[in-house]
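Trainee: Got a minute to go through this one with me?
Mentor: Sure, put it up and ask away.
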Amino acid sequence: MLLVLIFVLIPSIPFLCIIAFKPVLRRLAVRNAQRRPRETMLVLLGSLLGTAIITGSFIVGDTLEASIRRSAYTQLGPVDEVVRTQSPEVAAGVERTVRALPAGTVDGTLRILSVEAAVATAGDNPKAEPTATLHEVDFAEAGRFGGDPAATGVTGATPAAGEAAIGADLARTLAVGRGDRVVINAYGSRSELTVVNELPRLGIAGLGAGFQGSESPNLFVAPGTIDRLRAEAPQAAAAASPPTSAVLVSNPGNVIDGAARTDEIKATLERALAGAPATVGPAKQDLLEAAKTNGDQFTELFSSIGFFSVLAGILLLVNIFVMLAQERKTELGMMRAVGLKRAGLVGSFATEGWLYALGASAVGTIAGLGVGRLVVLVAAGIFATGDFTIELRYQADPASVQQGFTIGFLISLVTVVVTSLWVSRLNVIRAIRDLPEPESHRQRLAATVFGALIALMGIALTLSGISGEEPFSVLGGPAFAGLGAVLVLRRWLPRRALVSLVSVGVLVWAVVVFEVFPKIFENTDIPIFVEQGIILTAAAVALVTQNQSAIGSLLRRLGGGSNMSLRLGLAYPLARRFRTGMILTMYALVVFTLTFITVLSHLFEGQIEEFTRKASGGFDIRMASNPANPVPVEEVRKTDGVDTVAEQAVVPGEWRSPAGDGEGGDGGYEGWPVAGYDQAFFSRGGPALSELDPAYPDEQAAYRAVLADPSLVIVGEFFLQEGGGGPPEEPLKPGAKLTVRDALSGRSRELTVAAVSEGGFTNEPALVARRTVDEIFGPLATTNTLLVSVAPGTDAQALAERLNGRFLANGADADSFRKTVGENLAQQTQFFRLMQGYLALGLVVGIAGLGVVMVRAVRERRRQIGVLRSLGFESGAVRKAFIAESAFVALEGVVIGCVLANLTAWRLVGSEAFGEDMAFGVPWVQLGLLVLGTFLASLLATAAPAQQASKIKPAVALRLAD
Amino acid sequence: MSVDTRLDHPETLRVEPLLQATGVTKTYRTGASSVQALRQVDLSVAAGELVAVMGPSGSGKTTLLNCLSGLDDIDAGTVLIGGESIHQMSDARRTRHRARAMGFVFQAFNLIPVFSAVENVELPLLLAGRPAKTARAAARETLERVGLGHRLDHRPAELSGGEQQRVTVARALAGRPLLVWADEPTGNLDTETAAAVMDLLRELNDDGLTLLLVTHDDEIGASAGRRVVVRDGEVVSDERQ
């Protein structure tokens, strides 16, 4: 509320004073909105969308943050820290140590033993969950843990031998309930249990291994079950990784508040446990930080792409106010003549604008709730698929709603106040006589000085950007320099040639700059594309606007020199360059972004074969299995249809990079899987590498070198990505040093990056030699991942499914690379579609803007229409002229946006900054639909005003005018 | 021969009288109230006449001009121009008729601001179906005749009041209409410019142009060949001078 108070109420005080104490200004401000309700509605519609988009962006971020945060309740509950140990004995010692800490340090400890297992229903046609987790925990203690039994999710007695308590997610997957029988497979041993209890996904009962997705396929078993399975294990399974022994720790405070003390309590625990083979993980803190980071990233993403629409809304407001001023010029001049001061003029205009801003922001905020809900609805479907799922639940924080309203209001208010100041500069007599305002000597001089300053600033920005490798300045500096040059040189050079030359220069620069400075732009992020889009659009609109007469002549010749509707329809936009330029910019901005995303989406969609080739390294299937009961490799080799098998041991590593920002909650370490590979891994080429250390002539040499040298590593492009999304801030290069650590044993090793792979999956493990993994991770390093190539003529996905069925007990999870890549691309495509839908809101702004302009144009040109009708212009021709005008402006804007976007995408795809090796292609059908849809919607927006114009009776129009 | 065909040959419309208005009545209704702007007006105008229509403000002069020219509808009576009843025509035919047979000069000039002088003048010619080249040539010639041959490509905002009115006159004349309707053509002009415009109009009338002129100016009224006075919607006097 403080935000609203400071940034809404305080700036509104002058307007409230005008309404309360200045009846003349109040009347001037309010009457037009009252007398022309339809126009007022159109203005509000065009203005509210900006606020709707801003509010919607915040809500999307809130939803994602809240959905991830929800895991704090559902998958951790009272658990704030997880102390992982090597064995139950060590865990017991840890628990004793923690309990011995001064009272009030922590408010709960709980020992738990866990192992990954495959769980299936008993009987024929079993349903299975290959990657469930078995937990052993004392239910009585668990129920008391943290002092809030309701938060633990644990009820009932500890399962006895032969019994199990099943978590809700696993129960749903297996479609089992109380009394049903389930089969657990771990360490090659099998056991059948009866479900005696169902537990919700909450707290301990929903315990997840960090934030790995919204689901927790948990099964709680009797103490001793896991040890018995291990004891019964066949010899081969003895090599499998041990179960995880951990002590859960709860901080004083509730589920969320307790995390605030994590740093302090973690430090206390580490001091108390110094020397013990245990590692303290700040699980709750990491989850909440991930929630915030992901939420903020989403808000930034949607805000950035929505920014174009917000900008279109600002241009619409400026256009409307300039039109209002022009229409009322005579009466405003008379008002000044009879005693209204300029401040009063500004006040009445700005108050009218304040009313629009207030109304639009209020309605826009409500609309934003709807926009956010719609986006969440679509995004929920996207996040519900794939290996890493998030259950999205709509959340709109009051603070975000207030923020959206406030920002939308302020943007509108600043726009109308500045425009009001500008349009109120009129000479009384010239206003009364409706004569144009010439530019005074003082204004010319001011513009020249201003231009010189802008030009110098632009040059300084460019040079500093190049030396400091700052992409924003390098991209934008020349645009400012060009603008300044135009303002200075227009006194001496022909305007059209000058503006055209500078515009072309800025256009070329904005497109090729990525190639001229590839290093500066190699980590291009969304805001850079936003800046590029704005610069390109502004330059293109300036170029087109200055050469409109040539375009108009060409169109008139093509349409027939005597076509009066075309002649009239083109005359007004060609003459009113400022107004036309505003509408062109609105359309071009939004169409540019829409087209750009459409083209990128199309390019990615067509890359499934290429991405599969890069990710698979020549193999067809990736098969993961339970590390506690891995799939027997020889059995897989003997399977019909299998050609080659390569083995990998994938373990959860912890990494510290000197180039990173040390954000990892544990001494700068961050978690990332590491895979140890063998000779067979690159026998078929290996995954594509994007960068090699210069010492290696080719990819095979790099793979061989890493296999031979246990101090080398190959990392993926998204290695250590921040917060679960997006490339790392400082992507690693060959030669970079890293430290990898086994959290349990504490063993670590410094590694050097030999190459960077472009495998394509964002969670691709770092690659080291198998012996490197064995040496660092010891018993954890089991062959739990196989890469399989199939014999000629074998369907890879069908084989993968057969393998899953055959090795169900081993928790086999096999998929063809093509299917996995296809699913990832499909998810990406869906996301692009979501962004396109979001951007389409901006088109509504543009179309509404055109509608408003045409409605006002009918009013403005009433007398002229009367004159034309008196001269012989038929009513149908008047209608066609308006349609022609609207079609011309809309089509020009759409073409500008479309052409620029394709040009930008073409250059980007071919540049080093892009990183992917793609062939450019234009999605003709999709773009055709976009152009046609926009064009038709624009004509539709003009239909009513055009019809109204055609119905104007000449005598009435002339009489009213006179 | 239909009026449409005859409009291609305007000379066929030169019947006598050129304009014949009988019992013309016009009432304006606003909500519950109504105002009878014209009451049973009879008027005939022969080809080549210069008729000044005069009367106090609100007498119905402009309404009379609008109704006789077909810009506005009438509630009763007939108006024949060239022997054809213009109020029985469809809106489209009436519009075409205006384009080919009439010219208009307004007090407020009423030039199209986005067109240059020559584009404004050629407009009625293009509307009448003349080819673009012919229309442009005729427009140039007419503008030169009114003394604006050096201002062809200037927009109205770049012209003085007198120049704008001369463009309006040129626009009215370019298509060689049968009738020119002028509503206070000198109302917005200084004395010298007004005199120059009126000299031009008289000159054109001497060449055979039929001109109906609404004016407050007694001098202009006195110089016309015929003076019609309108008061409270009725013609109260009709004198040839």
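Mentor: We can take the chains in turn.

Mentor: Before that, this is a predicted model, where local features need pLDDT of at least 70, side-chain atom pairs count only at pLDDT 80 or more, and totals for chains, interfaces and linings use all residues. Residues are numbered from 1 along each chain as its sequence is written, chains are lettered from A and ligands numbered from 1 in the order written, and side-chain values use heavy atoms, leaving out hydrogens and water.

Trainee: How many helices and strands in chain B?
Mentor: Eight helices and 10 strands, counted as DSSP runs numbered from the N terminus (helices H or I, at least four residues; strands E, at least two).

Trainee: And why call chain B as compact as a globular protein of that length?
Mentor: Because its radius of gyration is 17 Å, close to the 18 Å the globule rule gives for 241 residues. That radius is over C-alpha atoms, and the rule is 2.2 Å times the number of residues to the power 0.38.

Trainee: What share of chain B is buried?
Mentor: 55% of its 241 residues, with buried meaning under 20% relative accessible area (1.4 Å probe, protein chains only).

Trainee: Switching to chain A, what's its secondary structure?
Mentor: Chain A has 31 helices and 19 strands.

Trainee: What size of box do its C-alpha atoms fill?
Mentor: Roughly 105 × 65 × 55 Å along the principal axes.

Trainee: And how much of chain A is buried?
Mentor: Buried residues make up 55% of its 962.

Methods. Buried means under 20% relative accessible area, exposed over 50%, partly exposed in between (1.4 Å probe, protein chains only).
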